[in-house]
Structures are given as C-alpha cells and as structure tokens.
Amino acid sequence: MIDHDALLTADRQFLWHPYSSFNNPPPVYLVERAEGSSIHLADGRVLIDGMSSWWCVLHGYNHPVLNQAIKDQVDKMSHVMFGGLTHEPAIELAKTLVRITPAGLNKVFLADSGSVAVEVALKMALQYWRSQGQPNKTRMLTLRNGYHGDTFGAMSVCDPINGMHHLFSEVMPSHLFAPSPECGFTEPCTDENIEAFKQLIEGHRDTLAAVILEPIVQGAGGMKFYSPAYLHRIKALCDANDVLLIADEIATGFGRTGKLFACEHANISPDILCLGKSLTGGYMTLAATLCNDKVATGICNGEAGVFMHGPTFMGNPLACAAANASLKLLLEQDWQARVSDIEQQLQAELAPCRNYSCVADVRVLGNIGVVEMTDTVVMAEIQKAFMALGVWIRPFGNIVYIMPPLIITEQELGKLTSAMRHVLAQGEKYLGSAQFS
Ligand code: PMP
C-alpha cells in the first residue's frame, strides 16, 4: 500500500517545484496516472487538463501510438552519444522538421529543452556574425513581455521589468527591449506601432546580432496576441538592417495558433527557429533549433569551423522516436479542422466572461483561450475552486488561460469553459496577490 501522505511529506522536504520555496511550500497534488485529457490524482479525483501540461501534451496522455513508438525504440537502444554516431530516429526527425517548417530552415540542432534551444539559437547568431568579420554584433533586440526560458542567455532576453529574472539583471548581458506590440491579432500594424522598434534596430544595427521574439503569441509574458503585420514588418526591418531573426516557437509550434507554425500567419521565414514543448507530444524532453543555410554556412566557415555546442543527451533516440510518432499523428489528421473546432467552441463559451467586472479582456486564437483579469489572482485559491469543479487550470499573474490537448472532446472542453465562467463570475474573491508560475 502506498502511503500518499508520506510521499507528499517527502516531496515537501526534498523537492524544488517550479518557482517554489521550502519555507512556504505551495500546494502540490499527487498524480497517479494520466489518460486522454484527464489527470488522475492519487486521492481519486479526476481533473480535465486545460494546460496540456504547459503546452506540451498535444495528443493527450497515455496515447497508445506514442507508447508503442517508445516501447519499440527502447528495445533497440535508449541512448547513444551523438558525437560520431547517428541513428534513424534523429535523421527521420530532422527530415520531417526541415519539410514542415517555414522555407529555408534546412539545418537542425537537437537540444534537450526549450531553454537550451534558445541558448543554441543565441550562440548560432553570435558565431554567425563573428564568421562575417563583425564580432561587434553581439547584442539582441527583443520585445517587452517576452519570455524565452530560465537559463542564462534565455533569461537575458526575457522582459527585464515585468519578467521573472530581474534578480539576476546585474550579471546578465544587457540587451535591447522594444515595447510590446500594441496592435492586436486582427489589427493592422501602423507606422506608429512599429516606430520604437524601428528606431532601436536602425540605431543599433552595427552591434545587433539578432532579434529574438515569440511570433504572434507572447506566452508567459501575459498571453498577448499581436498582429501578423507587425511580425511581417519586423522581418523586413531585420533584413534591411542586417540583423538575424530568431523565432521562438517553443510554445506556438505544432498547430496551437491555427497554423502549423505561428510565423506562417505573417508568411515569413526566420533565420533561426526554436521548437520544443509539443515536439514529442509531451512525452520526452526534446527541443530543436533550426537555421537556414546562410547561418549554417557562415558558422562552418568561421574561425572555429564548427558550431560550439554538444550536449550529452543530444538527439536522444527515445525522444526522437516519440517526436516522429507525435508528428505523424499530427500531420495525418485534419488538425486544422480540429484546432478550428476548439477555437470556435472557446470563442462561444468564453465570451460571457467579458461581462464580468473582474475581467479586462477575453481572447482566443487557435486552441488558446485567455481571460485577462483586472488584477493578479491568488493562484492557490483560484486553483482550489477550479479543482472542485473537476478541472486543472493554473493561472499566472492576472491571466487565466487554457490550451487543451487536441484530442479533447466537446464535452470535456465544455467542462473547462463552464468552470472558467463559474469561477470567474465571482472572480473578485481571488484577486489581489502576486504569485509565480
Ligand atoms: N520559450 C518559450 C516561448 C516558452 O514558452 C518556454 C517555456 N515556457 C521556453 C522558451 C523554455 O522552454 P523550457 O521550459 O522547455 O526550457
């Protein structure tokens, strides 16, 4: 018999959770298993997962096809070093990624987490400019409210004021930040909207290596959607000023926004693209950084002659097998129709939240549904209210949002949206205290 209380006591004693403290441990719930769109807690409660476990569980939990792909691979090899050795799962994955990502992204670096994929992208940009005889081009330009991960390079391009990393600001490289785009998803981008960005890129072109941004959806910085026209103009400004564009599609990739990749909304192809999260359908920790031939050739012809990065678990075969199976599942279904059904249901069923006095905005794009509150919510309390209604929704700051797995049924999604309406109708009770994650 498993002693659940003893496990939770040991958890509180030994384990860090994301952005947690041992002095005041946040509530954590013991999960026994997860199936389809549901998380089964050890105490018998079953919760519909509105979070896809932070955007990654694309096809739901315990999917037979993904399980089988990993079982098949584990019997062949679970890991081999990628230095000097290669294998079919990695090669197949690279071929697929090159085929489905925006045109020109022909080279694939397999990293082991989203943050590392961003580190790799930043290093690619730096090595590229050194190879071009422009070693002064070392700074990054990015957008306020952006988020790119928790490692050092990634932290340095997260929002320096509203973001989570200001504690480290004195020891991070200092980069440039343009205002967060003010034009919403359906709006045009005016000259005024882009002016601050334009001034920064033109004023610093000699020292700028790259612009890094989350295309169309700024995620952890507030779930803000912005205009494809804005992204289009950024790409043109990057080209005109000899600055690389890094698109961080770690959250938006693989259909979440209604396009396979959010860059497609603006019909642009970045120089470097970061992928992660849904890449393996949420099964294994794997990410990828793709670059175009210009960047790859520059790096390889540069002083080092190689790209200077090589993690131990690079190209892990189990993770690549999971990614191949997940991509096949995605691409062989009519995923656009699936995302569009989810989008329409979210639009219709979240719309009433607009009438609540504690709600500042409701927005939906693809399978992402966001309710922005007028103030920060007390996460532990609002989460309890959601759990009492049988759903797993984890707000942050003033944002209550869901992005369910693609396999969610209409009824399960209905349960999520109805819980949001129900809890947010009395949302004032939960407003008022800063919380993390
Ligand atoms: N970039 C974006 C846009 C993200 O949303 C995240 C994770 N939330 C990351 C990078 C970092 O990925 P990881 O947590 O896998 O390191």
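Start at the contact between the two domains of this predicted model: 21 residues of domain 1 touch 18 residues of domain 2. To see both parts, colour 4-62 plus 334-430 as domain 1 and 77-331 as domain 2, following the domain assignment. Their C-alpha centres are 27 Å apart.

Stay on the side of domain 1 that touches domain 2. Select α2 (52-55), α11 (335-350), β13 (359-365), β14 (368-373) and β16 (399-402); each supplies at least two residues to that side. Now show α11 alone: with four residues, α11 makes the largest share. Colour this side of domain 1 by class, and twelve nonpolar, seven polar and two charged residues appear.

Next, select strands β2 (38-41) and β3 (46-49). They pair antiparallel, over three bridges. Click I39 in the pair; L47 of β3 stands opposite. Then move to the hairpin: four residues lie between the strands, and G44 has a positive phi near 100°.

Keep β3 and add β15 (391-392). These two strands run parallel, joined by two bridges. Here I48 stands opposite V391 of β15.

Last stop: the ligand. Which residues come nearest to the ligand? Pick G114, S115, G149, I250 and A251, out of 14 residues around the ligand. Then select helix α5 (114-131), which gives the most to this shell, three residues. Colour the shell by class as well: five residues are nonpolar, seven polar and two charged.

Definitions and conventions:
Residues numbered from 1 in each chain as written. Predicted model: local features only at pLDDT ≥ 70, side-chain atom pairs only at ≥ 80, totals over all residues. Near = placed C-beta within 6 Å. Nonpolar A, V, L, I, M, F, W, Y, C, P; charged D, E, K, R; others polar. Domains from an automatic or database assignment. Contact = placed C-beta atoms within 7 Å. Pairing = 2+ DSSP bridges.
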